[in-house]
Amino acid sequence: AAGSVGSVVRRFLAEYGSGTSSRLKVLDAYLLYVMLTGALQFGYCLGVGTFPFNSFLSGFISAVGSFILGVCLRIQINPQNKGEFQGISPERAFADFLFANTILHL
Amino acid sequence: MSSSFGARGAGVPWRTTPSLRPPPVTRWCAPGRKRRRGPAGSGNKMAAPGRRLCLVAALLLLLVGAQALAPSHHLTARDLARLRAALERPFTDLQAAYYSIVGLHSLGLRVADEKAACNFVKSHVDSSSVDSLFYAAQSIRVLSGCEVTISNETRELLLAAVSEDSSITQIFHAVGALSSFGLPLASQEALSALTARLSKEENVLATIQALETASYLSQQADLSGIVEEIEDLVARLDDLGGVYLQFEEGIETTALFAAAAYKLSDHVGTEPAMKEEQIIQLMNAIFSKKNFETLSEAFSVACAAGSLSHNRYHLPVVIVPDGPAAVSHHQPVLRLQVTNVMSKPLTQASVKLDYAKSASTKATVLQQTAFTLSGEVFELNFMNVKPASGYYDFSISVDGDNRFIANRVELKVKVSTEVGITNVDLSTVDKDQSIAPKTTRVAYPAKAKGSFTADSHQNFALSFQLIDVNSGADLIPHQTFVRLHNQKTGQEVVFVAEPDSKNVYKFELDTSERKTEFDSASGTYTLYLIIGDATLENPILWNVADVVIKFPEEDVPSTVQSKNLFVPKPEIKHLFREPEKRPPTVVSNTFTALILSPLLLLLILWIKIGANISNFSFAPSTIVFHMGHAAMLGLMYVYWTQLNMFQTLKYLAILGGVTFLAGNRMLAQKAVKR
């Protein structure tokens, strides 16, 4: 079982490395970064306490929001999904991403 | 319906006639006197069944408990002066002149310069207006030596106005003018026009004017229909608290109604269908207004005053004590002012005291005594019967004219006297009663020589008697206090001396019992005796003696603190909110570094993947886009440090717009390239 999990993971990574365009990989890296930041904040809060609560909230929600918007962008850019996003070009998706991020961080 | 209408002079309250006091039946039902409770409108003599009916009515009155009302407002001399001043303003126009001239005439006064008034009226009359002719006619009739000739056209105009097509006001003015000018008038036609209009115009003012108009018509015409309107109007009056009766349209309308009702009643010869209580309530309402905003208001009150003072049926009587209602040996005479509503003394009346009862014992002290007229005031020497001091209930009645109403009042009179203290004995009584008490007699107002001691062996005792100086009887005043004042600390303690069965006042000071009142403060106290009462003319504050009081040693407090309530209280320290516990700085700093590590990871990953900016084209829009975007991020930072949201939105809108356009262009180019 451990072996199968390990082999699945290895296989996944290999497929991922070859199958995804670099553009998407860049985006994935960004998403990973955001996720790590959010998780670290949450862990700190669990460990040390919720003071100051406002800061924790804003940081965490910013991380979560950014992650979600990044995911949206990834979905929209992915050529394999072109069928579902007829009217939205990747450029348009990127512009939306920027706009939404601005509003989020306002 | 109890009432105490504001002080008259000395704060002695009025009282209404109690309902259970039987009205003298003979007075009510005597033949020849004005019947007040019989069938309305008829004033004929009584037959035997009528007398029986009257007795029944008297019994019913007892049961119903109707209480007669005392007038609360009338025109005092000052009010009269104010009313006169309000009416004596210089004339502005004909209507103002009418109000002034006729108003002053109702009060029994004359205009200052009659000739000038007459000329004013004659020069301002407008022969084409019925109203103007009415004002002129009424004014001229009142002024002496004022004549005017009426042209035929004017007469035709006035006669034409008396028809069903004119309003009641027009008919009133036309009839009034014709009558005052002495011109012939067809009463029957006027009456039919009036009746026809009355059915169309139902408001109060129109009905009042109809009453006035009818008083100008000949008595041959059947005016009973109009006379019945008086009753209808009375039913429309609003009862305010049982004290006032007035129309909702206001005092002016109420006053005009009173004047018109009596004018018509006098003209027709029928008593107006108003009960005595209603007339008094009307009076209260009309004369409650002391300042007049408009000339017409002053005029209406003047007319009402005039009609309530001179009519054939009802004359309200106002009975007021002259000064405070109090008598004493210095001032033994009770003086009453008996006037009509305009404060004119009714010197022809006979004023009688029905009874005078002591308020406390209810024993009748005096009855059926007449007041004597002295000048314009009625007097009675009450001290002749040597009453004991206290309050007395007087019932006074005014007779002399059948028309008097409100002519019985109840009055509370105070009889004052002077008090004397006798048999004042100060003694120290031994507690074991082994030694005989030492008694010292003191006479008021001297002070006892030597001082007295009260301590754990002996009590201090005081006894005295209070008598009425003039009659020698024992007195029990309201306030008999013994005050002990500590000379050093300023403490004072007050006790009440109580009388025993023989009316001898006693006071005893036991140091062990009274420790707490004194706070166990030993020392020399001055003793004062305080005697006071509302009926005493000489209240007493007498320093009788010095008393040395010694309290047992163990109870002496460390310091005798005066209970000063006005020192600053101990300060309350504000407790600030405890700041929350924070983690040590080391941990926070470590974490901050930790947070930045994913960023490092991101950069490494990006480089590994091969993200680059090789496709960067230096087109203007691209540069603008990137600059705009950078600026927006910078704006975010500034927002965090300085700005508020609205300012940020403003800047963001500008930057955002620019960036958007540039970005649009850039991305479009990119798309084309692709």
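# Notebook: spans, salt bridges and a surface patch

I began with residues 651-668 of chain B, where the span is 100% helix and 0% strand and the end C-alpha atoms lie 25 Å apart. I noted at once that the model is a predicted one, and that each value below is therefore computed from it.

I then looked up the record for this part of chain B. The unreviewed UniProt entry lists residues 586-606, 618-639 and 651-668 of chain B under "transmembrane region". For residues 586-606 of chain B, I found 100% helix and 0% strand, with the end C-alpha atoms 31 Å apart.

Next I turned to the salt bridges, of which the structure holds 21 over all chains. I looked up B:R197 and found that it forms a salt bridge with B:E201, the closest N and O atoms being 2.9 Å apart. Are these partners buried or exposed? B:R197 is buried, because its relative accessible area of 14% is under the 20% limit, and B:E201, at 17% relative accessibility, counts as buried too.

I went on to B:K289, which forms a salt bridge with B:E297, and here the closest N and O atoms are 3.1 Å apart. B:E297 counts as buried, at 9% relative accessibility.

A further salt bridge joins B:R335 to B:D322, with 3.2 Å between the closest N and O atoms. This pair links distant parts of the chain, 13 residues apart, since B:R335 is in strand β6 (residues 333-339) of chain B and B:D322 is in the loop between β4 (318-321) and β5 (326-327) of chain B. B:R335 is partly exposed, with a relative accessible area of 30%, and B:D322 counts as partly exposed at 27%. I also noted one network, in which salt bridges that share partners join B:D79, B:R82 and B:K290.

I then asked which residues form a negative surface patch. They are B:D238, B:D239, B:E248 and B:E249. I looked more carefully at B:E248, which is found in the loop between β2 (244-246) and α12 (251-268) of chain B. B:E248 counts as exposed because its relative accessibility is 70%, and exposed means over 50%.

My last entry is on chain A, where A:T20 is found in the loop between α1 (2-19) and α2 (22-48). A:T20 is buried, with a relative accessible area of 18%. The C-alpha atoms of A:T20 and A:N78 are separated by 9.1 Å, although the two residues are 58 residues apart along the chain.

Definitions and conventions: Residues numbered from 1 in each chain as written. Chains lettered and ligands numbered in written order. Predicted model: local features only at pLDDT ≥ 70, side-chain atom pairs only at ≥ 80, totals over all residues. Heavy atoms only, no water. Patch = residues over 30% accessible without salt bridge, like charges linked within 9 Å, V, L, I, M, F, W, Y side chains within 5 Å. Areas by Shrake-Rupley, 256 points an atom, 1.4 Å probe, with all protein chains shown as cover. Salt bridge = Lys/Arg side-chain N within 4 Å of Asp/Glu carboxyl O. Lys, Arg positive; Asp, Glu negative; His and termini not counted. Charge placed at Lys NZ, Arg CZ, Asp CG, Glu CD. Helix = DSSP H or I, 4+ residues; strand = E, 2+ residues; numbered from the N terminus. Buried < 20%, exposed > 50% of the residue type's maximum accessible area, 1.4 Å probe, protein only. UniProt positions renumbered as here; feature names shortened; annotations may be inferred.
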